[in-house]
Amino acid sequence: MTQSLEKHTPMMQQYLRIKAQHPDMLVFYRMGDFYELFYDDAERAARLLNITLTRRGESAGEAIRMAGVPYHAVDQYLAKLVKLGESVAICEQIGDPAASRGPVERQVTRVVTPGTLTDATLLDEKRDNLLLALVPQGKTAGLAWLSLASGRFAVMETAIANVGSELERIAPSEILVPEDTPADFLNGSTSAVKRLPPWQFDRDAALRALTQQFETHDLSGFGAGELTAAVSAAGALLEYARSTQGTAIAHVKGLTVETERAWVRMDPATRRNLELTETLRGEPAPTLYSLLDTCATGMGSRWLRHALHHPLRDRSVLAARLDAVAKLIGGAVDAPWRGLHDVLRQCADVERIGARIALKTARPRDLSGLRETLALLPEFSAQLSAFPGPRLAELARALAPQAGLVALLEAAIKAEPASVLREGGVIADGYDAGLDELRAIQSNSGEFLVQLEARERARTGIGNLKVEYNRVHGFYIEVTRAQADKVPAEYRRRQTLKNAERYITPELKAFEDKALSAQDRALAREKQLYEKLLDELAPHITRLQQAAAALAELDTLAAFAERAAALDYCAPEFTDEPLVEIEAGRHPVVERQVESFIANDARLADSRRMLIVTGPNMGGKSTYMRQVALIALLAHCGSYVPARRARLGPLDAIYTRIGAADDLAGGRSTFMVEMTEAATILHHATSSSLVLMDEIGRGTSTLDGLALAWAIARHLVEKTRSRTLFATHYFEMTRLAEDFREIANVHLDAVEHKDHIVFLHSVEEGPASQSYGLQVAGLAGVPGAVIRAARKRLAELEEHGLAAGPQRDLFAAGATGARLAPQPAEHPALTKLRALDPDTLTPKEALELLYELRKQLDE
C-alpha cells in the first residue's frame, strides 16, 4: 500500500507488516473460521481459486478488497495454488482473543511452496516432490536437491551444457537461483523459480550451515569436501527449507554426492521420446511407468519412477537386483511376490510419516498407520528369510522388527484415533492418569448427577429435589418454595424463581468446575502428550528411514517379478563385448495396446554398428527402434525385459532423435529442433552409446535433408562408432552399406492387395523396395482424387528423375515451370558425337576423333 501505516486500522496495520515480510507470496491471514486475503492478494486469489472477491469496510480511506477460504478446507485451496506454482504464507492467531485489547497477536507459522510440501493432502502419492538449488559458476553449475517429505539430500556439479538434462532427470517442483542468473538460463524448465539474493549462496556460510546440520567437522565424509558451487547451492537450499518449515529439519541427516558416471545418460529429448513416465501428449498413460507400476505402496511407485529415470551402470548392483527378482518370481507353483504384495498393501507411507514426525506435523492417523506397518515387520522378515541372496538379505536386515517402537505406539495412540488432534480422542485410554480422569468427568457426569440427586433427597427428605444444568447458570439444585425450609445450611442460593429456589453446594461447585473445564483441559493435555510423543519418536527417525527405503525397493522388486511372470519377460545378460543382441524383442507398451504384436530380433556389434532401417510409413520402424532402447533401459534398471533373450554390452548413454515438433515459445522451427537434437548426439555420444535416429533431415528440402542424413550417418559410423539404429525414407542411404562394412540394411515389409496395404511388422535383412506413402495416405482418408493425382505425378517424377540436375531456386524468376529441375547443358563431346556419321569415317579419322573426345572429357 502507498499510504503510511498510521492511516490504516490497527488490524490492517498488523496485516500489512506481515505482508511486507512476504511480498512475493499470498498471505493467508487467519480470522476466526476463515483465512482471509486482502488487497492485491485477494484479487489474485479470487482469479486463481475462483472464489468471491468482496469489498468490506474501509482502511486509510479505501475500501478493503478481500477474499477468504474456510480454515477446515484450506488444504484443497493450497493444493491448487501449489500446482499453479504459487507460494503461500500461513498466518495464524497465536494470542488469546479474550486477553487482547487490540488485534489478536498473529504470526506466520509456516510457508507452503511448490518444493517444500510435506502434508499428505498436498503431495502426489506416486511422485517425489523436490526442491532444487542451482548455482552457475563459470563453465560449471552446482546443483543441490532435497525431498523434504523423505529427507533425501543430494548434490552434484556438472557442465553448464548439461544443466537441462539434469533438470529433466531430477524433475524438481521448485528451483532456487541467484537473482543475477540470466533470465534465459532456465529456458525449457516448467518448475516454479524462486530468485534469492546472491549472498545467500555464499560458500563459507553454506559450509557452516551444512556442518552444523550434519554435526560434522567438514563435508569430506560425504565426498563433498572439494565441491564449491554444489556446496553453495546446498547451503542456500537448506536455509530456505528451514525458513519455510519454521522449525529444524532434523530428518535431513546426510548428503549424497552424485556423479554423471553412475547413470546411463539420457537427454531430455530421449526421456520424452521413450515415454518413460509421460506420453508425448503429456498424459500419464500408456507409458512404461504406467505399465510396470503394480506396486502396492506409494513408496514403491516413487522408487520405480526414480529407477526408470536413473538406469544404473554398476553391473554388481544390477546383478543383485536381477537375482532378487528371480527369487521373487519363484517356480511354477509358488509366487513369492504375491505374498509380499499382500503384506505391502497394508503398509502406510513410512518414508513421509518419518519426515512429518521430524517436522512435528505428523497427524494422529500417521502414527496409527506407522504402528500398523511396524507391526508387520516380523512377517517381512519371515518371508525374506526363505530366499538366499545378497540384496534380499540386506533388505531383510533393514526391516528388522522394532518391538519397542510398536509397544510405545500401541500404548500411546488409540486403535482408531481422530483424524486431527484438535478433535481429541487420539491418546489411548490408560496412557496418562490425568487424561483418563478428565475423560471420566466428561463421560460420567450424568451418572454423578443422578447419584447426587438421590443422596440429597435422602439426606434432606425433600422428595421433589432436582439436580439440573443450563448454560446460563451452570449446575444447580432446584427446590420448590414450599420445601425451602428443609434446605441444609451449606446450600447457597444461586437463583430465585416464582415457585422455586435454585442452590449450589460446595460439592456441586467443585464438580461444576471440573466438568465445565474438563473438555478444554483434556484437549490441552492430549496436545501436550502428543507433542511429547513426537519428541520420543524423533530418535527413531533414522531407522524408520532405513525401513522405508527397504520397503520401497522391495515393493518395486516384487512389481518387477509380477510383471516378468505376467508378461513373459526374460532376465537380461550382460557382457563386456560391445554388442546389443535381442531375440524376439517386443515393445513393452505397444504390445499391450494391440491384439497381436510381432516380435523382432536386433543385433548390433563391432562389425555391425549401424542398422539402416527402411520400410513403409506405419510399418513399425519407430516402434522397433524404441523397443531396443527400452529393453536396454529396463535391463539397466534391474528389471526383466520383453524378449526371448537379450545380451547387452557396456552402455553409457541412450540418445534418440525421433518425431517432429516445433518450439514456438523458443522461436525454433521443427527442423531447428531436429538439428539441435542431432547436434547433441554428435557432440556427446560415444562408442558405448545407443543412438536412435528416425528420419533425420525430413524437415528441409529433399536434397539438403538427404545430404545431412548421409553426413550424420557417416559421422556416427566413422567418428562416434556408437551402436546406431538409423530409420530413413531416403533409399539412397541404403547404399552406405556398400561403403562401410559396419553398416547393415534391414527393413520392415508390407504387401499390397488390390488397392490396400498390409503391414507385416517383421524385420528382415536388406533394404525396403518402396515406402508405400500413397497407400498410407489413402488409409489416412486422403480423397481418392488426390491419391490418383499423386500417383500420376509420381510416375512423371520417376520418369524424369527427381535429381536430374542441381537443386532449383524456387524463388528465382521463371521458377513456375512444370519441371522440377532444369536440364543441364549437354557436354561438347556428346554434341560432337551426336553430329557425326560413323559410316563416313576412315579408320584413321575415327582414331583421331576418339583421342579428341577423350581429351575433351579429361578437360
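Begin by selecting strand β15 (residues 474-480) together with strand β17 (residues 500-504), which run antiparallel and are joined by four bridges; helices (H or I, at least four residues) and strands (E, at least two) are DSSP runs, numbered from the N terminus, and two strands count as paired if DSSP finds at least two bridges between them. To find one point along this pairing, highlight T480, which stands opposite A500 in β17. You are looking at a predicted model, in which local features need pLDDT of at least 70 and side-chain atom pairs count only at pLDDT 80 or more, while totals for chains, interfaces and linings use all residues. Residues are numbered from 1 along each chain as its sequence is written, and side-chain values use heavy atoms, with hydrogens and water left out.

Next, widen the selection to the open sheet of four strands, whose order is β14-β15-β17-β16 and whose pairing is antiparallel. The edges are held by β14 (466-470) and β16 (492-496), each of which has a single partner strand, so one side of each is left without a neighbour in the sheet. From one strand to the next, the twist averages 40 degrees.

Now add the helices that lie across this sheet. Helix α17 (residues 433-460) lies across β14 and β15 and runs at about 140 degrees to β14, whereas helix α18 (residues 506-537) lies across β14, β15, β16 and β17, at about 145 degrees to β15. Contact here means heavy atoms within 4.5 Å; axes are lines fitted to C-alpha atoms, for helices over the stretch in contact, and angles run from 0 to 180 degrees between N-to-C directions.

Move on to strand β23 (residues 653-657), where five of the five residues are buried, so the strand is largely enclosed by the rest of the structure; buried means under 20% relative accessible area, exposed over 50%, and partly exposed in between (1.4 Å probe, protein chains only). Colour its two faces separately, and you will find A653, Y655 and R657 on one side and I654 and T656 on the other, all of them buried. Strand β13 (residues 265-266) pairs with β23 in the parallel sense over two bridges, with R265 partnered by A653. Strand β24 (residues 689-694) also pairs with β23 in the parallel sense, over five bridges, and there Y655 has V691 as its bridge partner.

Finally, select helix α6 (residues 229-245), whose 17 residues reach 25 Å from the first C-alpha to the last, close to the 24 Å expected at 1.5 Å a residue, a span taken as 1.5 Å times one less than the number of residues. This helix α6 is mostly covered, with 14 of its 17 residues buried. Just after α6, stop at G246, which takes a positive phi of about 70 degrees.
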